[in-house]
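Trainee: I am new to this structure and would be grateful for a close look at a single part of the model.

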Amino acid sequence: MLVRVLGAVRLVDGEAIIEIPRRMERRALSVLAAFGDRTSSVDTLIDVLWGAQPPRSARKTLQTDVLRLRRLLGPDVITSVAGGYRLGAGIEVDVDRFEAAVAAARRSSDLAAWHDALAWWSGDPFVELAGWPPIEPRCASLHELWAVAHEGYAESLVENDPCVAIGELERLVAEEPMREVRWTLLVRTLLAAGRRPEALRAYDRARRTLALELGIAPGTELEAAHDAA
């Protein structure tokens, strides 16, 4: 079984998708997913669910929420341990699968591997935990991996279909014009496709964007792509 916390929180059991209607229960499951096979303490769960001033009934309410989740998702999804809870043995989390898929794609640089990695992304991570400071670094890391996966996919496309790759890279630089690696890939891809004037214009666009928005000059890789063009 797979807990999904990219986008809407839900459980995937084979072909069945189990939605979780109650927000408190979605948040509790999201915390357990964030901890993976480690224990999430009762105090941590209470802090996430209610903040600095939990009600006196917080522990009892948490027990009720866990009971409801077990009834909805199955008794083996959440395990009780001393001082807290954790996901049951064999329960996977989609962010872990996504991270592993990106790592595998980086090793292979294969188009299909990058496609598989991107297929895991179905929305922002841990949306139910927005505002909880401990999860923010993990979310930032996941967003960075998502950007890297798009760039790796576009770079792998060059060998298969440069024209499609150019279109993808133009979309990527429009989405995040501050990511210099995307401009570098675009310049190189345009040059590889025999479109030297467009490559030089893309470099000029990148240079102006970086200067206006960040006050910096192009880095060595973008300069090397420009020199090649």
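How many bridges join strand β5 to strand β6, and do these strands run parallel or antiparallel?

Mentor: This is a predicted model, and the description below should be read with that in mind. Strand β5, residues 78–81, is joined to strand β6, residues 84–87, by four bridges, and the two strands run antiparallel. One of the pairs can be located directly: Ile78 has Leu87 of β6 as its bridge partner. Two residues lie between the strands, which together form a hairpin. In the turn, Gly83 has a positive phi of about 85°.

From the hairpin, one may proceed to helix α2, since β6 is among the elements that cover the buried residues of this helix. The helix spans residues 42–50, and its buried residues are Val42, Leu45, Ile46, Val48 and Leu49. These residues lie on the same side of α2, because the arc they cover around the axis is only 165°. A general property of helices is useful here: an α-helix has 3.6 residues a turn, so residues three or four places apart point the same way. Besides β6, the cover over the buried residues of α2 includes α1 (23–35), β4 (40–41) and α3 (58–73). After α2 comes Gly51, which has a positive phi near 80°.

For the wider setting, consider the other strands. Four strands make up an open sheet with mixed pairing, in the order β3-β2-β1-β7. The edges are occupied by β3 (16–19) and β7 (92–93); each has a single partner strand, so one side of each has no neighbour in the sheet. Within this sheet, three bridges pair β1 with β2 in the antiparallel sense, and Leu2 is found opposite Val12 in β2.

The loop between β1 (2–4) and β2 (10–13) contains Val9. This residue is buried, with a relative accessible area of 4%. Beyond its neighbours within four places in sequence, Val9 is in contact with Arg4, Glu19, Ile20, Arg26, Leu29, Ser30 and Glu128. One of these, Arg26, is 17 residues from Val9 in sequence, while the C-alpha atoms of the two are 6.2 Å apart in space.

Finally, there is a helix pair to examine. The axes of α6 (residues 136–160) and α8 (residues 180–192) come within 11 Å and cross at roughly 5°; the two helices are therefore roughly parallel to each other. On the α6 side, Ala147, His150, Glu151, Glu155 and Val158 make the contact, and on the α8 side, Val181, Arg182, Leu185 and Thr189 do so. By class, this contact has four nonpolar, two polar and three charged residues.

Terms used:
Residues are numbered from 1 along each chain as its sequence is written. This is a predicted model: local features need pLDDT of at least 70, side-chain atom pairs count only at pLDDT 80 or more; totals for chains, interfaces and linings use all residues. Side-chain values use heavy atoms; hydrogens and water are left out. Axes are lines fitted to C-alpha atoms, for helices over the stretch in contact, and angles run from 0 to 180 degrees between N-to-C directions. Angles under 35 degrees count as roughly parallel, over 145 as roughly antiparallel, 65 to 115 as roughly perpendicular and the rest as oblique. Contact means heavy atoms within 4.5 Å. Ala, Val, Leu, Ile, Met, Phe, Trp, Tyr, Cys and Pro count as nonpolar, Asp, Glu, Lys and Arg as charged, and the others, Gly among them, as polar. Buried means under 20% relative accessible area, exposed over 50%, partly exposed in between (1.4 Å probe, protein chains only). Two strands pair if DSSP finds at least two bridges between them. The arc is that of the directions from the helix axis to the C-beta atoms.
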